[in-house]
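Okay, thanks for coming, everyone. Let me put the model up on the screen and then walk you through it.

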Amino acid sequence: MTGNRPRLGFFAILLGYFAIILDGSVLNIAIPAIRRGLGTPMAGAQWVLNGYTLTLAALLLTAGALGDRLGLRRMLLAGVLLFTAASAACAAAPGLGVLIAARVAQGVGAADRKSTRLNSSHITI
């Protein structure tokens with residue numbers, strides 16, 4: 001079982017990265033449904049998408065530096081927890097403002113997770 005642990009950790013890292021890419025891409029398809037469901041104009045729907053993308057891009061280098069200082073494993077786990085909690089908040093968002101705030105929080109969690117990807121192939125979970 002000990003020999004499989006690095007493989008399992010690496011698979012978990014790859015699965016997490018896939019979730020980041022999927023989350024950034026699938027929303028483009030869901031924008032019309034979000035607009036209808038929340039009754040929001042296109043500008044509001046664009047902020048749902050951009051809140052995540054801009055936050056992720058803006059914090060990626062900062063999260064990498066924090067990962068070097070605080071530890072990659074700690075940053076990875078914090079990112080997973082934040083991303084998961086923010087995803088639940090997105091699903092339960094009653095309005096546009098809450099949805100945008102939750103997407104920004106998802107971007108922070110994704111930056112934490114994505115910044116650890118290249119350096120974390122040696123981490124086992």
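Start with the kink: α2 bends by about 45 degrees, centred on L60. The bend at a residue here is the angle between axes fitted to the seven residues ending there and the seven starting there. Before I go further, this is a predicted model, so to speak of local features we need pLDDT of at least 70, side-chain atom pairs count only at pLDDT 80 or more, and totals for chains, interfaces and linings use all residues. Residues are numbered from 1 along each chain as its sequence is written, and side-chain values use heavy atoms, with hydrogens and water left out.

Back to α2. It covers residues 42-70, and at 1.5 Å a residue its 29 residues should span 42 Å; the end C-alpha atoms are 40 Å apart, which agrees. The expected span, by the way, is 1.5 Å times one less than the number of residues in the helix. Just after α2, G71 has a positive phi of about 110 degrees.

Which residues of α2 are buried? They are G44, A45, V48, L49, G51, Y52, T55, L56, A63, G64 and G67. Buried means under 20% relative accessible area, exposed means over 50%, and partly exposed is in between, with a 1.4 Å probe and protein chains only.

Zooming out for a second: the protein chain has four helices and zero strands, so the pattern along the sequence reads α-α-α-α. Those are DSSP runs, H or I of at least four residues for helices and E of at least two for strands, numbered from the N terminus. Of the 125 residues in the protein chain, 34% are buried. And among contacts in the protein chain between residues at least 6 apart in sequence, 78% join residues at least 24 apart. Contact means heavy atoms within 4.5 Å.

Now the cores. In soluble globular proteins, nonpolar side chains tend to be buried together. The largest nonpolar core in this model has 10 residues: L27, I31, I34, A45, V48, L49, C90, A93, L99 and A102. At least two residues of this core come from each of α1 (5-38), α2 and α4 (96-115). A nonpolar core, for our purposes, is a set of buried Ala, Val, Leu, Ile, Met, Phe, Trp, Tyr and Cys residues joined through side-chain atoms within 4.5 Å. Apart from the largest core lies another, of eight residues, including I20, A63, M75 and F83.

Take I34 from the largest core. Not counting residues up to four places away in sequence, I34 touches L27, G39, T40 and L99. G39 sits in the loop between α1 and α2, and at 63% relative accessibility G39 counts as exposed. The C-alpha atoms of G39 and L96 are separated by 8.9 Å, although the two are 57 residues apart along the chain.

On to α4. Its 20 residues should span 28 Å at 1.5 Å a residue, and the end C-alpha atoms are 28 Å apart, which agrees. The buried residues of α4 are L99, A102, R103, Q106, G107, G109, A110, A111, D112, R113 and S115.

There's an arginine in that list, so where does the side chain of R113 lie relative to F83? R113 lies over the face of F83, 4.5 Å from the ring centre. A charge counts as over a ring if NZ of Lys or CZ of Arg is within 6 Å of the ring centre and within 35 degrees of the ring normal. R113 is buried, with a relative accessible area of 5%. Leaving aside neighbours within four places in sequence, R113 is in contact with G16, Y17, A19, I20, L76, G79, V80 and F83.

Two leucines of α3 are worth a look here. L81 lies in α3, residues 72-92, and counts as exposed at 62% relative accessibility. L77 is in α3 as well, but L77 is partly exposed, at 40%. C-alpha to C-alpha, R113 is 9.8 Å from L81 and 7.8 Å from L77.

Last one in α4: G107 is buried, with a relative accessible area of 0%. Leaving aside neighbours within four places in sequence, G107 is in contact with Y52, T55 and L56. Thanks, that's my tour.
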